Structures are given as structure tokens and as C-alpha cells.
Amino acid sequence: MPVEEFVAGWISGAVGLVLGHPFDTVKVRLQTQSTYQGIVDCVVKTYRHESVLGFFKGMSFPIASVALVNSVLFGVYSNTLLALTATSHQERRAQPPSYTNIFIAGCTGGLLQAYCLAPFDLIKVRLQNQTEPRMQIASSMPRYRGPVHCAASILREEGPQGLFRGSWALVLRDTPTLGMYFVTYEGLCRQYTPEGQNPSSATVLVAGGFAGIASWITATPFDVIKSRMQMDGLKGRKYGGMLDCMASSFRQEGIGVFFKGMTLNSARAFPVNAATFLSYEYLLRLWR
Ligand SMILES: CN(C)C(=N)NCCC[C@H](N)C(=O)O
């Protein structure tokens, strides 16, 4: 099992994450809080109330977890393709796998990384939704003092299963969309690369960026439900489960609720995934 794909996935994921975290924080707040009029209102209020650091709340755990999550995603994807087609990453340029095998390998990576991601993503969302200013006064102390305190509080107040709240929605969000993610990336690379050659850096950037956009657009409906399920349990349970969350969100806010954060998901997805794939390909070529 080639290890370099796991390490390349780790480093490339961290590069992408830092680039995209501010977009992600604004998106999560729009999806789970009704106090903002829109993207600009959320950005202005966050900056005014919490300074620029407000956009980086909840990033420490994802930085730690992206190592695990992205290395599982890219490592499982590449090794599933190896199992399905008996070709390594480099050999696939000369013997391209079918899109069916790429989709299966992407879904497999997406499913397994979702389980690794679930507790870290929950803590990220809980911390991102703390809107108290940095200079805290006694009356507005945030509920969680940081990621470790957040994890301990959830374990104490909601039990171990509390750390996996929203994980079904996360699995349904990531499994099919990551199959699409890799199919889009490979398809665009082949479209603009001469047979048997490695894609240029520009091709990798564009293909990675559009793969991120395509996957996040289709992931947004379950992304909204996932974030709401993760916030459920903070002040008692509002939803009886994922289906109840979908039904009551639709009843109260209409079909538009499932597209909350789509603009931000897309705006964030291009640079994050362009950088992720460029560093991934660069690292694998470095090690070849
Ligand atoms: C639609 N989904 C969930 C994805 N495309 N996930 C894979 C991309 C992950 C990347 N670190 C990012 O955060 O965009």
C-alpha cells in the first residue's frame, strides 16, 4: 500500500484548509443562525465584533484532523484504484482507469474519511458558531473555551454519541460527492492533457478548482442538514433525527434552505481544491 499518497493527502489538505477556513466560518454561521441578513452582513458583523480572528475560530482542530481526513481520502482513493485496476498513480497516466472505477474509489474514500471527520467537524461547527467577542466580559463568556474543552463538554453533556451527531448527514454529504469530485478532476485533466502525459500545473489548478465547485454544489443540501444536526443538542434536542430536520427546515424556510451557503461553498471550493490538488500532484511527482 503506497504510503506517499497518504502523506501527500495530509500536506495538501492542510494547505487548502487554511486558505478556505474564513469562507467556511461565514458559511456555517449563515446555515445555522438567523441573525445575519446575508454574506456581507455576516462578514461585517464578525469582523466588527470579533476582529479578523473571528473568521479563524474552530480552525485548530481541523488543521490537526485534516492530516487524518485528507490522507484517508486521497490514500483510500488511490489504493482502491490500485485494487480495482492494478495500476499505481503514475501508471494511470498511460493506462487511465474507467470513470466507474474512479467514482467507486472516490465514494470509498469519501465514506471512510467522513467517519474520521465526524467528531472534528462537529467541534469545528460548535466553535464557529460562538459569536462572543475576543475580549470577553463575564456576561458573554462563550460556552466552549476551546476544542478540547468543547470535546470534553460534549462527552459529559451528550455522551460519546454526541461527538458523532450529524454523522449520517455527513456520510450522505461526502460519499457520492467525493466520487463526483475525483471523476470531475480526472475528466478535466484528461480533457486538457495529451495522451499519456502528466497534466500541467495550470490544468491541475483548474481541474482541482472545478472538481471542488462541482462537489460542493451537490453537497450543499446535506451540508446544511449536517450543520443543523451538529448544532442540535446544544440547547436540548430540536430535531427527532435527520429526516425530521429536513422536513422541519423545509416547512419553516422553504426549498431555499437547502441551498444556504452554496455561494460561499463554491467561492471557497475553487482556491482550496486547486491548491489541494496542485500540492498533491507536486508531492507525488517529487517522490517518484
Ligand atoms: C463536497 N465535499 C465534502 C468535498 N468535496 N470534500 C472534498 C474536498 C475537501 C477539501 N478539503 C475541502 O474542504 O473542500
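At what angle do helix α1 (residues 4-32) and helix α9 (residues 262-286) pack, and how far apart are their axes? Here are some notes to help you find your way around this predicted model.

1. Start with that pair. Helices α1 and α9 pack at an angle of about 170 degrees, and their axes are 8 Å apart. Angles over 145 degrees count as roughly antiparallel, so α1 is roughly antiparallel to α9. The residues that make up this contact divide into 15 nonpolar, nine polar and five charged.

2. Now compare another pair, α4 (99-128) and helix α7 (residues 201-231). Their axes are 9 Å apart, and the packing angle is about 75 degrees. These two helices are therefore roughly perpendicular to each other. From α4, the contact uses Ala 118, Asp 121, Leu 122, Val 125 and Arg 126, while α7 brings Lys 226, Ser 227, Gln 230 and Met 231. Sorted by class, the contact of α4 with α7 has four nonpolar, two polar and three charged residues.

3. Helix α5 (residues 147-158) is a good place to check some helix arithmetic. With 12 residues at 1.5 Å a residue, α5 should span 16 Å, and its end C-alpha atoms are indeed 16 Å apart, so the two values agree.

4. Stay with α5 and look at which residues are hidden. Pro 147, Cys 150, Ala 151, Ser 153, Ile 154 and Glu 158 are buried. These residues cover an arc of only 165 degrees around the axis, which means that they sit on the same side of α5. Val 148 and Arg 156, on the other side of α5, are exposed. What covers the buried residues? The cover includes α3 (60-85) and α4.

5. Just after α5 comes Gly 159, with a positive phi near 80 degrees. Keep that in mind for the next two residues.

6. Ser 51 is not a glycine, yet its phi is positive, about 65 degrees. You will find Ser 51 in the loop between α2 (39-50) and α3. Is Ser 51 buried, partly exposed or exposed? Its relative accessible area is 29%, so Ser 51 is partly exposed.

7. Ala 86 is another non-glycine residue with a positive phi, here about 55 degrees. Ala 86 lies in the loop between α3 and α4. Exposed means over 50% relative accessible area, and Ala 86 has 60%, so this residue is exposed.

Technical notes. Residues numbered from 1 in each chain as written. Predicted model: local features only at pLDDT ≥ 70, side-chain atom pairs only at ≥ 80, totals over all residues. Heavy atoms only, no water. Axes fitted to C-alpha atoms, helices over the stretch in contact; angles between N-to-C directions. Helix = DSSP H or I, 4+ residues; strand = E, 2+ residues; numbered from the N terminus. Parallel < 35°, antiparallel > 145°, perpendicular 65-115°, else oblique. Nonpolar A, V, L, I, M, F, W, Y, C, P; charged D, E, K, R; others polar. Expected span 1.5 Å × (residues − 1). Buried < 20%, exposed > 50% of the residue type's maximum accessible area, 1.4 Å probe, protein only. Arc of directions from axis to C-beta. Contact = heavy atoms within 4.5 Å.
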